[in-house]
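Me: I've got this one open on my screen and I'd like to know what the labels on it rest on. Can I ask you some "why is it called that" questions?

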Amino acid sequence: MMGNTFGRMFRVTTCGESYAGGFRKHLNIPKELYGGLITIVDGVPPGIKLTADMIQQELDKRKPGQSELDSPRKEIDRVYIFSGVMEGDLTTGAPVGMVIPNVDIEDIHIEQYRSYKDIVRPGHAEYTFFKKYGEYADWVGAGRASGRETAARVAAGAVAKAILDPLGIDVIGFVTESNGIKAGPITYEMAKANYRKNELNCPDLEKAREMIEDILKVKEEGDTCGGVVEIIARGVPAGLGEPVFDKLSATIAHGLMSIGAIKGLEFGDGFEHARMRGSESNDRPYLDESTGRVRFRTNKAGGMLGGISNGEDIRIRVAVKATPTVSVPQETVDMEKIENVVLEPITRRDPTLLPRIYPVCEAMVRIAIVDALFMAKGYRALANISDKWDRL
Ligand SMILES: Cc1cc2nc3c(=O)[nH]c(=O)nc-3n(C[C@H](O)[C@H](O)[C@H](O)COP(=O)(O)O)c2cc1C
């Protein structure tokens, strides 16, 4: 399997599956080392304060089993820092290694997966994994295609947060739509004030109640539903992103589109731009007399021009599809018997991925920004460009 590393200067590598540790239980090793997730973050500068608690706080947002809206899987997602941090909880500049053991690897669940191991779960990644890995494909809980993998990214995102926080760069994710129910317009300030005030993390508290009631109805019907997550990055300096293939927009899109179940992405006014005239779509720059800096009257572009940050908020929206695993019978194919079959209802599932996916989005955006920041700073350090441009 290739492609387990993201980033160019700030490089995140993850490994680990969903339940594979369940097959190593007989070994004479501590329980925590049967299996789980490992994250290695390369390119962390020295002298960054980083504790397991800081990482745990991020992981706790994503962990399953926190409310009726997510999977009953019992993962505590406890993180252990393995390397790269020394006295005073300061990074040394060495790769930061983190381990998150999987503890919910009970035989009973593995046997459940075994019972439909050759049957393709519609909407999940089994068919394509069979095509790529044949009989070696990991059939327990979707392996690397499992949402479990995203815990490793959230741990890396916490390292990125430790770098961005002291620079005043803030990334916040929240839910704006669920199963067609839309929140009202949400500002950064509103998202901050109402952050995680409900299980769905929708800052429109009234609409959130409606959304949650609706999700519980969908759950009762044995079904699942999707929605929209918005992410805002504030405080990103102008100039991040490389003009051609490594635009900041492209790097962020790469990070976000690599998260399972994300089906669409928009920056700023996104697809609405297709319906605007140039005079409507253009954000007008002006000189802010109080700071002497250039700002923009509107932010329809979503904080980037030419794929390079312009100093305004970076605004992104992603479409999250309904959880593929449902509790209703579905037509599918048995890959071993090579015949059409009906997959029986599956009970352990998230009725919606929204409450668990926004922390993963925050993590990927933070990682992309740190990576772009290092690229821009590295380039700038060697470029003979007047400070005048920084001041504007
Ligand atoms: C945090 C997170 C949790 C997920 N949990 C589940 C789950 O419990 N059941 C499920 O069927 N899919 C779950 N998924 C979605 C699948 O991983 C995803 O749909 C699958 O890999 C197929 O990829 P695609 O939807 O991008 O085509 C989860 C995804 C994320 C990001």
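Me: Which residues of H1 meet which residues of H4?

Reply: From H1 it's Met54, Ile55, Glu58, Leu59 and Arg62, and facing them in H4 are Thr150, Ala151, Val154, Ala155, Gly157, Ala158, Lys161 and Ala162. Contact here means that the C-beta atoms of two residues, placed from the backbone, lie within 7 Å. By class the residues of this contact are 8 nonpolar, 2 polar and 3 charged. Nonpolar covers Ala, Val, Leu, Ile, Met, Phe, Trp, Tyr, Cys and Pro, charged covers Asp, Glu, Lys and Arg, and the others, Gly among them, count as polar.

Me: Before we go on, what sort of model is it, and what gets counted?

Reply: It's a predicted model, where local features need pLDDT of at least 70, side-chain atom pairs count only at pLDDT 80 or more, and totals for chains, interfaces and linings use all residues. Residue numbers start from 1 along each chain as its sequence is written. The helix and strand labels are DSSP runs numbered from the N terminus (helices are H or I with at least four residues, strands are E with at least two).

Me: Okay, why is H1 called oblique to H4?

Reply: The axes of H1 (residues 52-62) and H4 (residues 150-164) cross at roughly 135° and come within 9 Å. That angle makes H1 oblique to H4. The cut-offs are under 35 degrees for roughly parallel, over 145 for roughly antiparallel and 65 to 115 for roughly perpendicular, with the rest oblique. The axes themselves are lines fitted to C-alpha atoms, for helices over the stretch in contact, and angles run from 0 to 180 degrees between N-to-C directions. The crossing is right-handed; that word applies if the near helix is turned clockwise from the far one by less than a right angle, and anticlockwise would make it left-handed.

Me: And what makes H4 and H9 oblique to each other?

Reply: H4 and H9 pack at about 50°, their axes 8 Å apart. That angle falls in the leftover group, so they are oblique to each other. Their crossing is left-handed. On the H4 side the contact includes Thr150, Arg153, Val154 and Ala156, and on the H9 side Pro359, Val360, Glu362 and Ala363 are among the residues involved. The tally for H4 with H9 is 12 nonpolar, 2 polar and 4 charged.

Me: At what angle does H7 pack on H9?

Reply: H7 (residues 248-257) packs on H9 at about 145°, with the axes 9 Å apart, and the crossing is right-handed. Leu248, Thr251, Ile252, Gly255 and Leu256 of H7 make this contact with H9 residues that include Cys361, Met364 and Ile367. The count comes to 9 nonpolar, 2 polar and 1 charged.

Me: Why is isoleucine 367 called buried?

Reply: Isoleucine 367 sits in H9. It has 28 C-beta neighbours inside 10 Å, so it counts as buried. The rule is buried at 20 or more other C-beta atoms within 10 Å of a residue's own, exposed at 12 or fewer, and partly exposed in between, with C-beta atoms placed from the backbone. Leaving aside neighbours within four places in sequence, its contacts include Phe6, Phe10, Ala156 and Gly255. Phenylalanine 10 is 357 residues away in sequence but 7.4 Å away in space, C-alpha to C-alpha.

Me: What makes aspartate 223 partly exposed?

Reply: Aspartate 223 has 16 C-beta neighbours inside 10 Å, and that puts it between the two limits, so partly exposed is the label. It lies in the loop between H6 and strand E10 (227-234). Beyond four places in sequence, it contacts Val218, Val326 and Val328.

Me: Asparagine 201 and isoleucine 338, then: which is buried and which is exposed?

Reply: Asparagine 201 has 21 C-beta neighbours inside 10 Å and so counts as buried, whereas isoleucine 338 has 8 and counts as exposed. Asparagine 201 is in the loop between H5 (188-193) and H6 (205-220), with a positive phi near 55° although it isn't a glycine. Isoleucine 338, in the loop between strands E17 (330-334) and E18 (339-343), also isn't a glycine and has a positive phi of about 50°.

Me: Last one: what surrounds the ligand?

Reply: A shell of 20 residues, the closest being Ala145, Gly147, Gly260, Ala261 and Thr325. A residue belongs there if its C-beta atom, placed from the backbone, lies within 6 Å of the molecule. H9 gives the most to this shell, with 3 residues. The shell divides into 8 nonpolar, 8 polar and 4 charged residues.
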